[in-house]
Amino acid sequence: MSVRQQDFIRRMPEASHDLRRRRSFWRVVHLDPLLLFLLLALTAVGLVVLYSASEGNSSLLRRQVVFFIIAYAGMFTIAQIQLDYFARWSLLFYVGALILLALVLIWGVGAKGAQRWLSLGGFRFQPSEMMKLAMPIAIAAYLSNKTLPPRFKHVFWSLVFVAIPTVLIVRQPDLGTSILVATSGLIVLFYAGLRWSYILTAAALLIASVWPMWHYVLHDYQRQRVLTLFNPEADKLGAGWNIIQSKTAIGSGGVNGKGWLDGTQSHLDFLPESHTDFIIAVLAEEFGFVGVVALLGFYLLIIARGLMIAVNAQDSFRRLLAGSITLTFFVYVFVNIGMVSGLLPVVGVPLPLVSLGGTSLVTLMLGFGLLMGISTEPRRISTNR
Amino acid sequence: MQEQQQFKNYHLETRTFSNRVLFTGLLIVGLVLILLARYYSLQIVDYENYATQSDNNRILVQTINPQRGLIFDRDGKLLADNRPSYILSLVPENIASLDETIALLRQLVVVSDKHIQDFYKSLKTNRRPYQPIPLRYRLTEEEIAKIAVNEYRLAGVEVQAQLVRDYPEGDLFAHSIGYVGKINDREWSRFDEEEVRRYQGAHTIGKIGIEKFYEDSLFGEIGYRHVEINARMRVLRTLEQENPVQGEDLSLHLDTRLQKTAFAAMGARRGAVVAIDVKTGGILSIVSSPSYDPNLFVTGISYKDYNALRGSLDIPLFDRAIQGRYPPASTIKPMMGLAGLSEQVISQSYKIFDPGYYQLENDDRLYRDWKRHGHGIVNVHKAIVQSSDTFFYDLAFRMGIDRIHRFGSQFGLGQPTGVDIPSERRGLWPSREWKKRARQLPWFPGDTINVGIGQGFALATPLQLAVMVNTIANRGKHLKPQVVKSIGEEVLPPEVLNYVEIDDRHWDFVFKAMKDVMHAPNGTARRAAKNSSYDMAGKTGTAQVVGIKQNEKYDSEALKERHRDHALFVGFAPYDDPQIAVAVIVENAESGSGSAAPVARKMFDAHLLGQYLEPERVKVKDVKTVGYPIEPFVPFQRGSLAVAQRESP
């Protein structure tokens, strides 16, 4: 085994310098039992809802199960890798993802006027998904080397790191993903202790930029989505249809719902995108408010566990990374649940672990793999500085 | 914080991070509460609202159209039928490119620009997604086959069967039975709530004639079907069904064979024939010539056909029998004679000398008799048989307009007949009040004199004249004319509007005079009654179309054909036991005895002896057209075309 390989494969517990904690099974396999349990529970809920949404389309369900297996395997693998490795190679990941993003704009394939995929020998993937992980790792690695709270110069460079891929993804165009990618980077800055004066200034600038954004940056269809949010009735059969139908599905679920497999909105195809972005409407229709509360409960527990892991992490890099992964996860949840209920504009954000979809699921679980790694990593006695 | 700090401050970093995590934790809880509030509001506060909306989504209440009632003639011959017709519809949601699909369809079947225009018009109106929109009606077998063969290239194209009204007798009953047609925007805007409910799934509505008058009975009651549908409007199952009540069949008094006889007798001439069953008031035949094919209107008439009909000088769309207002002329003389006798203004033996004109005291205007040198000494019998004008000028003057008005009204003159065909006109039986109201002028004695011979202000529709002569034939029993004999099982009884009380002596006297018109050697219509195996009674009339100036001899040759006199005839037969009363008007035919009476004779022979005639149909398309737009020929009064013109395609 080469030195690099030794570095790559985490040192075995017996080689660890951690003397305070006892080795347990979970530490050996580098899994956080509570987080794993919550994720599995949510996965199960997701499959139950997806089964209903897909109307017994077993091939669809089977595909999703395969994706879950791949995603969990990915999570498990990532959890085994020493975190320092990611910090060391963060720039390489970042630049690699950036190059792929640039390639998408040149050679990308896609549908509905958006170019989001790279096709390599029959295998298609979305480089923007890679950036979802590369971004927080890069910013966390960059800032954790600096004194915190970050100084203006470092904030500036961090923002440049955030801006380049964001602009590339906006150009695809994929507003939803670009927001999530940018958010995952900005959250790192925030957790690093970005000064409130900077934050408030940025917020003021953001508000001031709404008008030029609206007129010069947003695409017609994006403007349409925002307008539709405020007045879905204006275009009942066109752009407003999705929101009206999803609100109807949610509202008609009432307290206890119509029962599993008995949702009329989804089963009679009134609800669009019922197994992807709008799947929570299916859950809300069939399991009612009770179901929604339960689902949000699961998400809150996962987020709470994620933040705990972040707080307990042993250094800045791990803290910032864990915090960013957890909070980005929440942003997913909030944006999706908010948009389906007509609280936010419709941007293409899936409901994590429940919506049908392979790539985003894998990215998500890789993120949880990092969390698990941070959580179960043997504590070293701090030797550096 | 110190700007120059070079070393990491682990405690500060940890504390900042923990604070920030706490901050985000609170933020997360806050945002989750907002989400919960949102779902609470949707699922619990507005639950009822959304539950209803969800049901409205999936439950479609389809109307089931009842079958329109059929219409039969008096012998059970079918006059209005429902036949399956095939409609080509498109479901835009299932079509990638509407333009391409329509272009492809145009290669297969006839699709005019108007069809496409109408299609896009309906596409713009409010509709559910996946609801088919009709493009073409009345596909032929060949067209259906062509579409079927190309089905694989025509995603989103549907052919649906639908019952469409059909009039097997074509132009025979165009004016009486009328036709159904597509419900137009104006009709929609006039519907009340109940009608909107009834017609939401209907394609057509009765536009004119019996079809319009008996719309409620013919239509029936719509049924409902509650079905569960998916978003693509595909019906998954029926939840509940309420069957429609089919429309009721109508049986008419009309006799198809007599109707044909009337058309045959009229030939290509313009005019109207009305025949009434004396005992019941049932209309045996009602003809306005020329006619047109009502089938053209059922699924929407083409502009070309419509303009041909509308632009025709002969105004085939105009129903002369109930809307044409003609001076009744001498046909009212029997009625006037009855009036004079009944009011004791004259006696049966009262005589005057007829020098060929009549003159009022202190007035040098001459009221001319049609016979230049007069009829000599005339009593009322001779005045009817030979149609002396002078006698009736004198009688009218002595009776005065008030009594004339009152008496004539009892025979239905100037009154709506109450016939069950919509849009009849009431003619004009003038009075002092009418003239004051309509013309802001006092009544002059000269006005009365003109009315005495059915000219001047007096106007009547052919139907009114038929009702008048029918009332005479019934010895004063004024029956309401009826086209429909029974609705479903319910038989409509004859309806007596009023009785004209006159001494039987006078009835006998006037009947005899009317018989002598037909059969006496000096009767004006003796040629029409030649060689008859039964006795008939009648009265001819010749109506002036334009006024003749004082001291000017009427020279028909000098006038255009359309300004010639109208020929009129009223009569009944058989004389001893009247069965059929007839009124005939032949426009611009000049002679009542020569042109109108023979038509009536043929009607009598057909009804009483079974000598029916078959018409040589004048095809609508052969009717002479004068292009478009045109100021239509107005026969007597401005506005008499109004009803005919109101029908738009």
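Colleague: Which residues lie nearest the centre of the largest cavity, and how many line it?

Modeller: The lining has 13 residues (each with an atom within 4 Å of a cavity point), and A:Leu133, A:Ile325, A:Thr328, A:Tyr332 and A:Leu364 lie nearest the centre. Do keep in mind that this is a predicted model: local features need pLDDT of at least 70 and side-chain atom pairs count only at pLDDT 80 or more, while totals for chains, interfaces and linings use all residues. Residues are numbered from 1 along each chain as its sequence is written, chains are lettered from A and ligands numbered from 1 in the order written, and side-chain values use heavy atoms, leaving out hydrogens and water.

Colleague: Why is this called a cavity?

Modeller: Because a 1.4 Å probe, tried on a 1 Å grid over the protein atoms alone, fits at its points but cannot get out. The largest one holds about 160 Å³, and the whole structure has seven cavities of 30 Å³ or more. The volume is the space filled by probe spheres set on the points, which are joined across faces, edges and corners.

Colleague: Which helix gives the most to that lining?

Modeller: H16(A), with five residues. Helix H7 (127-144), helix H16 (316-340) and helix H17 (359-376) of chain A each supply at least two. Helices are DSSP runs (H or I, at least four residues), and strands are too (E, at least two).

Colleague: What makes H10(A) oblique to H11(A)?

Modeller: Helix H10 (residues 196-208) and helix H11 (residues 210-217) of chain A pack at about 45°, with axes 4 Å apart. That angle makes the pair oblique, because oblique covers what is left once under 35 degrees (roughly parallel), 65 to 115 (roughly perpendicular) and over 145 (roughly antiparallel) are taken out. A:Leu206, A:Ile207 and A:Ala208 meet A:Val210, A:Trp211 and A:Pro212 there, contact being heavy atoms within 4.5 Å.

Colleague: How do you know that S11 and S23 of chain B pair?

Modeller: Pairing needs at least two DSSP bridges, and strand S11 (residues 271-277) and strand S23 (residues 580-586) of chain B have seven, in the antiparallel sense. One partnership is B:Ala275 with B:Val582 of S23(B). Both strands belong to an open, antiparallel sheet of five, S12-S11-S23-S22-S21 (chain B).

Colleague: Why are S12 and S21 of chain B called edge strands?

Modeller: Strand S12 (283-289) and strand S21 (537-543) of chain B each pair on one side only.

Colleague: How many bridges join S18(B) to S19 of chain B?

Modeller: Two, with the strands antiparallel, so the minimum of two bridges is met. Their hairpin has two residues between the strands, and B:Gly488 takes a positive phi near 60°.

Key. On a 1 Å grid over the protein atoms alone, a cavity is a set of points where a 1.4 Å probe fits but cannot get out, and a pocket is an open set with protein on both sides within 12 Å along at least five of seven lines; lining residues have an atom within 4 Å of a point. Axes are lines fitted to C-alpha atoms, for helices over the stretch in contact, and angles run from 0 to 180 degrees between N-to-C directions.
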